[in-house]
Amino acid sequence: MHKRPLVLPTLTLLTLSITSHFALADRNKGKVPIVTPECSDIAVCKQQGIFTNPFEEPLVTGEFPDQNNTNITNPLNNYPDNGKCEENEDGVLKCKPAAGSLALLNDGRILYFNALEGTENVEYNALLEIGSAIINDQTRVLTMKNDNASWIAPSPVDAGANPDGNDSETIIGDISGFLGTSLPLDLNTDDDRTNNDGALFCADLVGLPNGELMAVGGTDYYHEPGVNTSLLGEPINFGLSELEGLKNSRIFNPEDNSWRKTGDMNFGRWYPSALSLANGNVLVASGVTKLVKPVYLTRPETSGRNVTVTETYDTSCGEWTDNGPLAERSLPLYPRLHLLPNGHVFYNGGGQAFNPFGQSYDQALWNIVAAYDPQSKTWADLGFAGLPLHLSEAGISDLASFLNVTNTQADESLSGLLTGLTEEFIANPFDALAPIIDDPYRLADVQALLGAGFRGSTFSMMLPLTPDENGTYSKAEFLTAGGVLTGVAATSPGLYLGTNLARIDSVTIEGEKMLYDSRSTGSLQQGRWYGTGVLLPTGEVLVVSGADRDEVVLPGSGKPILKAEIFNPVTETFEQVAEQNRPRTYHNSAALLPDGSVLIGGHAPINTAYAYSVTLPGFSPNDGRDPSFEIYKPSYMFGDRPAIGKRNKTVAVGERFAVGLKNTDAATAAMNANIESVVLIRRTNITHLIDGDQRSVILPIVRKTDRRVVVQMPTQQAVVPPGDYMLFVNARNENGELVPSASKAITVTGELSAMCQ
């Protein structure tokens, strides 16, 4: 194991946070080839797809691995010692970033940023050292063109938040005055350095209507309490680490690859969820201001839980507004949120529960799925996650709002109804809700599977939105698969082993009513914690990466899952397909690319057992982050495909427009003649399995010829919120399989609402 010093001089860390030690390829040289192995059995490739060889950003020094080597048995050990990191004269490692968060830009490039930057320099125990060892995360832009990859570093490379430090909410800072000034040690060390006060780690990404991206929240690392002294002339800085959520919002401009700050939120948020509203503004919910010691001296009533206040960002003026007391809700970290066709925001009973201490005392409320109305700024409870029931019809649609102790404006008239129900409902939901279940046999099925309730570390995937016979989008369905079960009431940290259970939740909109239902589907082929889902143009869902058990409970103990799976929406079953090359457990990412393939990256684990990084035999690699990528080419990429020619660059709601077809040869013309559907897919912005804006919208075909297809845009802006999309057409081949074209870039416009002038 590489030996690293415990002492990390402040000046060295500041230098590392500003200066990149890597030779980033520019757009004209230094390209890395993206190699697809030859398909030894075309029938297998047409059935299972194939992964390209891994590729990654090169280093200044050291031998770059042969990208044409297709016989690597253990690719992680194939790199020379300096293949991932470089070591300076002080023994401090600077490593390539891994794609912990990832966004697809409108021109097809990829923006990504690191996770847990600097943990390679922990020597003994992460809990005592990361407050000083970690530095701000690096960002990169990846360009893939003509089977080559190149990288550039945005400016500033760390996105530029808090260069003068963050105003931390420290407990020790408020009581240090009572300790006197004659102590030989400085216990209040949160302001000792500024190079880890603006980390992007655990921010969330969201696309803006103008094509820019916004990162919301992030991390300020420090020790609380800490020791700042010197030994033999060298500084020593260690203590009990704290991770504090940031108020920062940062915008990335793809035109010049630059980051800039925009308005700060009212609350610091670590692990928040952000998503676009129908009018182009952005809603943010949850997150925690102090992770390890959630005590807030300035607002003690909110201590011991995540941030309940929701806020809305006005894209016209760059300001955040508190949505008020009725918009508060107790939610898990990174709650799984989706925009419904009626403009309400749906919470789907999932999130990150292990914080790592599970500090929300009312976390049992996370089992209740709900919808937020941005117009009235209120929540409505819809059901109990995974159970086929309608809370609104049972007269308890305001249960969670009533139980929010910091909500001073909850409807007190509900107290008589809810007081007797609360304890029984939360502790024994199956028994309490049995009288209002539509079908008691369905309840028995769910209870037997133990799949109901809040789900931790799972993806929540909105399935394609389909119009009814009137062209109205009135129903949304969501696939939840894998993660860890939570035993209904004990939501955090949940069970240790990943589950293979999957379900589809649905919300049907009937005028002012929203009805929630849930049904079980076929299971994953194996239990999978932290698997990433990617919605394909065909309506299928690809599931990649993850581990067999929760690697936050005990880091380094998971066995990676390499076999990818695809969910068939017709049979509602999962089937294993090709095997990816690299183990990618914690902080993995994936995104649908414009040609219909899928980019897979990431793997930035926590230090083994919260100590230092070492790979345990037989378990997932935990010797540092994996900066590589690989591309999965689904089965539909092997054979003839339809092709799009001319298209509109921008479209508006309610507009009818033509999609030109490109009949380059007889085979393509035959596929174009069999076009069955046209879909809009929102560009990916993913962090921690979540992409709040993820959606696929099926557009009604008005008419078609051999030259073009005319389609109708939805009249509901909430179905297609303003921003960047990819347009695909799907056709049936001779085997009856749905095959998509490569996409064309398209921007959906809308009338943006302003809350401020």
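Two strands count as paired if DSSP finds at least two bridges between them. Keep that cut-off in mind as we walk through this structure, which is a predicted model.

Let's start with strand S5. S5 and strand S39, which covers residues 685–687, pair in the antiparallel sense, and three bridges hold the pairing. That passes the cut-off of at least two bridges. Look for Leu102 in S5: across from Leu102, in S39, stands Ile686. S5 has another partner too, strand S6 (residues 110–113), and here four bridges join the antiparallel strands. On this side, Leu102 has Tyr112 of S6 as its bridge partner.

How do S5 and S6 connect? They make a hairpin, with five residues sitting between the two strands. Take a look at Gly108 in that turn, where phi is positive, at about 95°. Now look at which way the side chains of S5 go. Ser101 and Ala103 point one way, while Leu102 and Leu104 point the other way. Are these four residues buried or exposed? All of them are buried.

Next stop: the cysteines. How many disulfides does a search of the whole structure find? The answer is two. One of them is formed by Cys39 and Cys45, with 1.8 Å between their sulfur atoms. The torsion about this S-S bond is about 115°, so the disulfide of Cys39 and Cys45 is right-handed. Its two ends sit in different surroundings, if you go by accessibility: Cys39 is partly exposed, at a relative accessible area of 26%, whereas Cys45, at 6%, counts as buried.

The other disulfide joins Cys85 to Cys95, and the distance from S to S is 2.0 Å. This pair links distant parts of the chain: Cys85 belongs to strand S3 (residues 85–87) and Cys95 to strand S4 (residues 93–95), 10 residues apart. With a torsion of about 100° about the S-S bond, the disulfide of Cys85 and Cys95 is right-handed. Cys85 counts as buried at 15% relative accessibility, and so does Cys95 at 4%. While you're looking at cysteines, find Cys202 as well: its relative accessible area is 3%, so Cys202 is buried.

Now for the charged side chains. The structure holds 25 salt bridges, and a few of them make good stops on our tour. In one of them, Lys96 meets Glu56, and the closest N and O atoms are 2.5 Å apart. Lys96 lies in the loop between S4 and strand S5 (101–104), and Glu56 in the loop between strand S2 (50–51) and S3, so this pair links distant parts of the chain, 40 residues apart. Both Lys96 and Glu56 are buried.

Another salt bridge brings together the side chains of Glu57 and Arg140, at 3.0 Å from N to O. Glu57 is in the loop between S2 and S3, while Arg140 is in strand S7 (residues 139–145), and the two are 83 residues apart. Is Glu57 buried or exposed? At 2% relative accessibility, Glu57 counts as buried. Arg140 counts as buried too, with a relative accessibility of 0%.

Move along to Asp626, which forms a salt bridge with Arg582, the closest N and O atoms being 3.2 Å apart. Asp626 lies in the loop between strand S34 (598–602) and strand S35 (629–633), and Arg582 in the loop between strand S32 (573–579) and strand S33 (588–592), so the pair ties together parts 44 residues apart in sequence. Asp626 counts as buried at 1% relative accessibility, and Arg582 counts as buried at 2%. Salt bridges can also join up: Glu224, Glu242, Lys290 and Lys293 are linked in a network of them.

Our last stop is Thr615, in the loop between S34 and S35. At 34% relative accessibility, Thr615 counts as partly exposed. Which residues does Thr615 touch, leaving out those up to four places away in sequence? They are Ser620, Pro621, Asn622 and Asp623. The side chain of Thr615 reaches the backbone nitrogen of Asn622 at 2.9 Å, and a polar atom of that side chain lies 3.5 Å from the backbone nitrogen of Asp623. Finally, look across to Gly556: Gly556 and Thr615 are 59 residues apart along the chain, yet 6.9 Å separates their C-alpha atoms.

Technical notes: Residues numbered from 1 in each chain as written. Predicted model: local features only at pLDDT ≥ 70, side-chain atom pairs only at ≥ 80, totals over all residues. Heavy atoms only, no water. Disulfide = S-S within 2.5 Å. Buried < 20%, exposed > 50% of the residue type's maximum accessible area, 1.4 Å probe, protein only. Salt bridge = Lys/Arg side-chain N within 4 Å of Asp/Glu carboxyl O. Contact = heavy atoms within 4.5 Å. Polar contact = N/O pair within 3.5 Å; in protein donor to acceptor, adjacent residues only side chain to side chain.
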